[in-house]
Amino acid sequence: MKHFLNTQDWSRNELDALLTQAALYKKHKLGDELKGKSIALVFFNPSLRTRTSFELGAFQLGGHAVVLQPGKDAWPIEFGVGTVMDGDTEEHIAEVAKVLSRYVDLIAVRAFPKFIDWSQDRQDHVLRGFAQHATVPVINLETITHPCQELAHILALQEHFGTPDLRGKKYVLTWTYHPKALNTAVANSALTIATRMGMDVTLLCPTPEYILDERYMGWAEQNVAESGGSLRISHDTDSAYAGADIVYAKSWGALPYFGNWEPEKPIRDRYKHFIVDERKMALTNNGVFSHCLPLRRNIKATDAVMDSPQCIAINEAENRLHVQKAVMAALAQK
């Protein structure tokens, strides 16, 4: 049984097949690949694009989606091993995943970090708990990575450049300011997929403290060795933007301060100038800009950048629908 927890777990040929199928779904949105099948969408955190696109995607392929919010319209779930459940949780993941597996054909999970202890959050206990105990395929709706966003992002780039081959493109993954420290999931995923596709990737961040977790840096180095391209780290905006074909923006918190954000805030506040603006984009090779959304305008990127013809963030958001249909169809057939 195959899950969709990270793109790194799938071969390049498998990822290319998903992207090809997603492009076909974009042209012909209806199908019957999920006829008579169902998916449980388990949301521990809020959603706009993910919930909408998965519900509609299942419907458009003839399937049915059930949305569950543990702690709200479903029982709070315990994930610890050997836990004496005398607190707020009502049932254990061992039962939850097995029961849902008797009802549905796919289970999808969104669970953000707790932002207390990165050594614990990086274990991805919620997602891994479902994958361990479920007897049907499990899909990652965003935890500490966001693989569905990765595919939507790459499909948007392939459409923009008119080719599935993105090798040789200069790709800048830039940190941006945000009033609060955010999850590293999209940054982890963008770094993973950009290097997987053989691009020349620059990780642009204010200081070495904002470099991503060693697991994802390691994946990126492995991908460069296997797929070509390159990886470098920069703390200088102008040199990083110079000649870039792609600028992808995301804010994230510095891991050394994970769960203790007050000492990190003064550092973050000093780098508001990392905003994606017209001056920086003018340094690029007529570069394309994107973001996973939601985006705080004039904090992460200016109105002019967001409203530019070079911004493909809306195309990327639409592509969530198409790539997720491809993922669901592929897993339902296995």
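Is strand β8 (residues 200–204) largely enclosed by the rest of the structure or exposed, and how many of its five residues are buried? Here are some notes to go with the predicted model above.

1. Four of the five residues of β8 are buried, so this strand is largely enclosed by the rest of the structure. Buried here means under 20% relative accessible area with a 1.4 Å probe, counting protein chains only.

2. Look next at strand β7 (residues 170–175), which runs parallel to β8 and pairs with it over five bridges. Two strands count as paired if DSSP finds at least two bridges between them. One pair to find on screen is Leu-173 with its bridge partner in β8, Leu-203.

3. Overall, the protein has 13 helices and eleven strands; these are DSSP runs (H or I, at least four residues, for helices; E, at least two, for strands), numbered from the N terminus. The radius of gyration is 20 Å, close to the 20 Å from the globule rule for 334 residues, so the protein is as compact as a globular protein of that length. The radius is taken over C-alpha atoms, and the rule is 2.2 Å times the number of residues to the power 0.38.

4. Across the protein, 57% of the 334 residues are buried. Of the contacts (heavy atoms within 4.5 Å) with a separation of 6 or more, 80% join residues 24 or more positions apart.

5. A word on reading the values: residues are numbered from 1 along each chain as its sequence is written, and side-chain values use heavy atoms, leaving out hydrogens and water. Because this is a predicted model, local features need pLDDT of at least 70 and side-chain atom pairs count only at pLDDT 80 or more, while totals for chains, interfaces and linings use all residues.

Key. Buried means under 20% relative accessible area, exposed over 50%, partly exposed in between (1.4 Å probe, protein chains only).
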